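Q: Could you take me through one part of this model closely, and then follow the chain outward from there? I am new to this structure and would value a careful, connected account.

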Amino acid sequence: MKSRINILERIFHIGAVAILGVVVSHSASAGNPTAGDELLAAIPGNFQLAAIQYEGMLKSLKDDPQLPRTYEEGHLKTVKITDWTSGFFPGSLWYLYEYTHKPEWQAAAKDYTGRLESIKDFTGDHDVGFMLGCSYGNGYRLTGDKRYRSVLAMGAKSLATRFEPKVGMIRSWSHGSWKYPVIIDNMMNLELLTWASREGGGAKLLEIATSHADLTSNNHFREDSSSWHLVDYDPQTGAILGKQTVQGFADASAWARGQAWGLYGYTMMFRETKKQEYLARARSIAKFIMSHPRLPEDKVPYWDFDAPAIPNAPRDASAAAVMASAFIELSGFVGKAEGREYFLLARQQLLAMSSPAYRAVPGGNGNFILMHSVGHLPGNSEIDVPLNYADYYFLEALLRYQALVNKMR
């Protein structure tokens, strides 16, 4: 969708002058804003590795109609198109095409994007925004193909069917014993609705997105601006039945990727609506993350900020990648000093993930780019493994960083 990373052309204009000071202060020469920028210098190598890894991935998938999700115990795990992560691999292929302009990456991206077409009619859960936004959204933005636009528009309508006016929110899951579960991750799917509303889908889609974002802000966050993972509602009255953290350490803990989803989601919703309440929420989440005493020195968080095994708990590179991409965007929406803090934190995270501590060696790691992510530790699933969404948001964050710095040359 054109709005998704029109970000790369427009999100930073508000804070461009502020961020310029950051780059200059970390450069070898004030006369060249990019001179001596270690991260900028690392981006070509990161994409070169991504190309090597994903070439290997494509070869390994030759006879598999499914899409890669992770690599565990020496085996590549692939999933059906209805898996919530199905859009990330084609999205990463689109990012490779965007960076390299090579037709072979466009061809691969089109192939894997096309496999998700039937998701336009999928109403089984809330993740249609992930599935289609990352695949068809990037495809439409980079090619202008009207067929992609049509799929996105229909997908938004399918997602909207999960909205219950009595609750004022989109239901996340259809499984489990909950009455009407809403998870913080669902903030990420609202962009499909805001885009579709602007593209002729009608005001109702925007109303659904803002209603969901408003109530999430009211009900999902604690006084310290950390969030619960899941809030369960009475579908008839909208009353809150319970709050818990399913994929984190405990109900009262701050699951790292959940905090990342919130940061990214409210930053995006401010961009989409310009509602100051959303910017305030994004800033409060940012403050929680940045000031947390258990955020490691390299700024790649433990899988949960309250994990009992810290400092020996697993890290979550996927959370860091989502945070970094969000922090870069958020840096353009605030004043100079605050924007500088967000920008530098994202830079630290991306430098860490560009290092051998997190970045795979060519041909290793099941052909994924980043190591050391955590999917669902309490469920004993995907612990200290690569994940397709870690790669996706890492590449997105690198493109955002490069676009911002190049804009100031």
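A: In this predicted model, His101 comes just after helix α4 and takes a positive phi of about 60 degrees. Most residues other than glycine have a negative phi, and most peptide bonds are trans. The helix that precedes His101, α4, covers residues 88-100, and its 13 residues reach 18 Å from the first C-alpha to the last, which is close to the 18 Å expected at 1.5 Å a residue. Eleven of those 13 residues are buried, so α4 is largely enclosed by the rest of the structure. The buried residues of α4 include the aromatic side chains of Phe88, Phe89, Trp94, Tyr95 and Tyr97, and with them Pro90, Gly91, Ser92, Leu93, Leu96 and Glu98.

Two further residues have a backbone of the kind seen at His101. Lys274, which is not a glycine, has a positive phi near 65 degrees, and it lies in the loop between α10 (256-273) and α11. Because its relative accessibility is 44%, Lys274 counts as partly exposed. Lys299, again not a glycine, has a positive phi of about 70 degrees, and its place is in the loop between α11 and α12. The loop between α11 and α12 (317-330) also holds Pro311, and the peptide bond that joins Ile310 to Pro311 is cis, with omega at about 10 degrees.

The helices on either side of these loops can be followed through their packing. Two packed helices are described by the angle between their axes and the distance between the axes. For α10 and α12 the angle is about 25 degrees and the axes are 9 Å apart, and these two helices are therefore roughly parallel to each other. Their crossing is left-handed. On the α10 side the contact is made by Ala256, Arg257, Ala260, Trp261, Leu263, Tyr264, Thr267 and Arg271, while α12 contributes Ser318, Ala319, Val322, Met323, Ser325, Ala326, Phe327, Glu329 and Leu330. By class, this contact of α10 with α12 has eleven nonpolar, three polar and three charged residues.

Helix α11 (residues 276-291) packs with α13 (residues 336-353), their axes coming within 12 Å and crossing at roughly 55 degrees. The two helices α11 and α13 are therefore oblique to each other, and their crossing is left-handed. Here Arg283, Ala286 and Met290 of α11 meet Glu338, Glu341, Tyr342 and Leu345 of α13, a set that divides into four nonpolar, no polar and three charged residues.

Earlier in the chain, helix α9 (residues 203-219) has 17 residues that should span 24 Å at 1.5 Å a residue, and this agrees with its end C-alpha atoms, which are 24 Å apart. Its buried residues are Leu205, Ile208, Ala209, Thr210, His212, Ala213, Thr216, Ser217 and Asn219.

A last stop is Pro181, which lies in strand β5 (residues 181-183) and, because its relative accessibility is 0%, counts as buried. Apart from its neighbours within four places in sequence, Pro181 is in contact with Arg171, Ser172 and Trp173, and also with Leu230, Val231 and Asp232. The C-alpha atoms of Pro181 and Ile240, which are 59 residues apart along the chain, are separated by 9.9 Å.

Key:
Residues numbered from 1 in each chain as written. Predicted model: local features only at pLDDT ≥ 70, side-chain atom pairs only at ≥ 80, totals over all residues. Heavy atoms only, no water. Axes fitted to C-alpha atoms, helices over the stretch in contact; angles between N-to-C directions. Helix = DSSP H or I, 4+ residues; strand = E, 2+ residues; numbered from the N terminus. Parallel < 35°, antiparallel > 145°, perpendicular 65-115°, else oblique. Left-handed = near helix turned anticlockwise from the far one by under 90°. Contact = heavy atoms within 4.5 Å. Nonpolar A, V, L, I, M, F, W, Y, C, P; charged D, E, K, R; others polar. Expected span 1.5 Å × (residues − 1). Buried < 20%, exposed > 50% of the residue type's maximum accessible area, 1.4 Å probe, protein only.
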